[in-house]
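Below is a briefing on where nonpolar residues sit in one protein model, inside and at the surface.

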Amino acid sequence: MTPMTTLATAKPPLDRRPRKSGRPDTPHRPRHPYRAALATARGRTGLALVGLVVLAGLLAPLLSGHGPTDQSALALAVPGAPGHPLGTDDLGRDLLARLLYGIRADLGIIAVAVPLGAALGCLLALAAAVHPLADTVVQRAFDLVLAFPGLILALAVTAILGPGRVPVILVIALAEIPVFGRLLRTGILVQRGREYVTAARVGGTSGGRILTRHILPNAADPLVVQFAVSLTVAVFIEGAMSFLGVGVRPPEPTLGAVLSQSMPYLAQAPHFAAGPLVTVTALVLGLSLTAEALNREIRR
């Protein structure tokens, strides 16, 4: 037998490496709970509604050919009037422009007020977690704020500072401080009693490192859900203050102010109130669906 024949008829060596049976080639990594929540039907719907409202506010100068305070001779014009797709208000101002710029004003207020309240509440909760005396003082301060109904708190702040954008931001932030503070304090107390914290303490890990590397990451999930809920509450607070005339000063438009101005004309011009009502409903529904999707995924 020639060498060429030997090479041609030789069998390939057996592959004796162990084979993986029933396992994928790449390990499966669980998705982040926030991404998984936003990928659900509720999460996608909520994000879509919020995104549409936010986009409308950001593109207000492009979507409207009028300024929010520009007046015309057409008072209470019906939707579809020349140059006014949604009609005009009682002073001849374009309702589409006032609606879009009102969305921008509302988003600007809640984008500052809710993070401010959340940050201050979390800082106070951390201070309470460090020292028992600070815990007592912080809890009494939270009780003092919660003792005032939201409307009374709003009236008290505006009585001192007057109506405007800053008082609205302060009222929303004050209302949210005890909410986030108590939520984080409860999470810290719960996590402190867990076995992994005890093991880290026995292993010689410092208290500050245990707090920042172990306790806070595990106590942060409820804060994310509460942040979405607080955005919804902030929309209602701003709308109520503007509706009562103690919010942003006219003629600057907000959704609550436009809705308040439409009340005397509901029978004569129902389209006047339709825009802000639909917008507030879409924004609140979107935020609520997003918060519910996050809450369901985190609790699994």
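The points that follow cover the nonpolar cores, one helix and its cover, and a surface patch.

This is a predicted model, in which local features need pLDDT of at least 70 and side-chain atom pairs count only at pLDDT 80 or more, while totals for chains, interfaces and linings use all residues. Residues are numbered from 1 along each chain as its sequence is written, and side-chain values use heavy atoms, with hydrogens and water left out.

**Nonpolar cores**
- A nonpolar core is a set of buried Ala, Val, Leu, Ile, Met, Phe, Trp, Tyr and Cys residues joined through side-chain atoms within 4.5 Å, where buried means under 20% relative accessible area, exposed over 50%, and partly exposed in between (1.4 Å probe, protein chains only).
- The largest nonpolar core has 32 residues, of which I103, I172 and M241 touch the most other members.
- Its largest share, nine residues, comes from helix 5, helices being DSSP runs (H or I, at least four residues) numbered from the N terminus.
- Leaving aside residues up to four places away in sequence, I172 is in contact (heavy atoms within 4.5 Å) with I109, A113, V114, A234, I237 and E238.

**Helix 10**
- In helix 10 (residues 207-219), the buried residues are I210, L211, I215 and A219, and their cover includes helix 5 (95-130), helix 8 (165-192), helix 9 (195-202) and helix 11 (221-244).

**Loop and surface patch**
- Helix 7 (150-161) and helix 11 each supply at least two residues of a nonpolar patch on the surface, and the largest share, three residues, comes from helix 7.
- M263 lies in the loop between helix 12 (255-262) and helix 13 (271-298), and is partly exposed, with a relative accessible area of 33%.
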